[in-house]
Amino acid sequence: MKVAVVGATGLVGSVMLKVLAERNFPVTELIPVASEKSVGKEVEFKGKKYKVVSADQAIALKPEVALFSAGGGTSLEQAPKFAEAGITVIDNSSAWRMDPTKKLVVPEVNANVLTSEDKIIANPNCSTIQMVVVLKPLHEKYKIKRVVVSTYQSVTGTGVKAVEQLMNERNGIEGPKAYAHEIDLNVIPQIDVFQDNGYTKEEMKMIKETNKIMGDDSIKVTATTVRIPVMGGHSEAVNIEFENDFDLAEVRSILEQQEGVVVVDDPANAVYPMPKDAHEKDEVFVGRIRRDESQPKTINLWIVADNLRKGAATNAVQIAEYLQKQGLLG
């Protein structure tokens, strides 16, 4: 099938191309799309070169599916045009996530909500995706009352400029800044802008998106999101209070059987998930599984995933795979 990648020259867009190739998605023709200044440049896919085209040119070529990773403004402007032309859009920006008329999808959790009528499908926030993949089977078994999450997020979540800032600081080079503060040898307890309630936009995304994806507004969520000087993936310390009590061995067994989750939990031998190990992997890794001894029916987990892959590109491609398998495209 014809596949458009909008934002093909960006950080996530380039990972989308890589994931499409690795997973052998049935691409007969790739249509790379980027801003006007990138039109005419070339991107490589499976050993072939493809010229970058404009959004209007891409629509005229009538792809069956368009993977968007070009920012919220572009998505708000261009996604409806693609959808009107009958093209299914899977959008990685925050533009459509909380729109009540749009589905917000993590395939392992709620792919079953998708229909052929859904022409704009939202890909959730990276930090939300990795958390809900772990929450879903535990909620089904024990019913989650409340989640307290603190994140430790990679600079790659901000983009190329942030990666350059970190490496420049590490090497003593002056350069453009993605953050208001130094990131090397530092921790910044702010991701995105602050809201009136004192939470950042990223924190509110995690709260609202979790309820929408899980299909349950009764789950209470509170979040603190933090940028740290690492690459390779986001990490999260997650505290979950259940309605019903649990057995730790059973929790491990449930998580081991959950699609897309790998349990890495042998603290006696210093074995637990780390962003370095999650880098360039599609799974969500969970470890440090232990009871919260300060209150009943509560557990602590440590969750790690590659934010550019499962947190963005891979999740979008998995949505496309599901649509294709179910005959929901076109």
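Student: What makes β1 mostly covered?

Tutor: Four of the five residues in β1 are buried, where buried means under 20% relative accessible area, exposed means over 50%, and partly exposed lies in between, using a 1.4 Å probe and protein chains only. Set against that cut-off, four residues of β1 fall under 20%. Keep in mind that this is a predicted model, where local features need pLDDT of at least 70, side-chain atom pairs count only at pLDDT 80 or more, and totals for chains, interfaces and linings use all residues. Residues are numbered from 1 along each chain as its sequence is written, and side-chain values use heavy atoms, with hydrogens and water left out.

Student: How do you know that β1 pairs with β2?

Tutor: Two strands pair if DSSP finds at least two bridges between them, and strands are DSSP runs of E with at least two residues, while helices are runs of H or I with at least four, numbered from the N terminus. Five bridges join β1, residues 2-6, to β2, so the condition of at least two is met. Among the bridge partners in β2 are Glu29 for Lys2 and Leu30 for Val3.

Student: Why is the crossover from β1 through α1 to β2 called right-handed?

Tutor: A crossover has that name if, with the strands pointing away from the viewer, the path from the first strand over the helix to the second runs clockwise. The path from β1 through α1 to β2 is right-handed, so by this definition it runs clockwise in that view. Helix α1, residues 11-22, lies across β1, β2 and β5 and runs at about 155° to β1; such angles run from 0 to 180 degrees between N-to-C directions, with axes fitted to C-alpha atoms, for helices over the stretch in contact.

Student: What makes β2 and β7 edge strands?

Tutor: The sheet order is β2-β1-β5-β6-β8-β7, with parallel pairing. β2 (29-33) and β7 (103-104) each have a single partner strand, so one side of each is left without a neighbour in the sheet.

Student: Which strands stand at the edges of the sheet with mixed pairing?

Tutor: That open sheet has the order β10-β9-β11-β14-β13-β12. β10 (220-224) and β12 (261-263) stand at its edges, because each has a single partner strand.

Student: What does helix α7 touch?

Tutor: Helix α7, residues 201-214, packs on this sheet and touches β9, β10 and β11, where contact means heavy atoms within 4.5 Å. The direction of α7 makes about 160° with that of β10.
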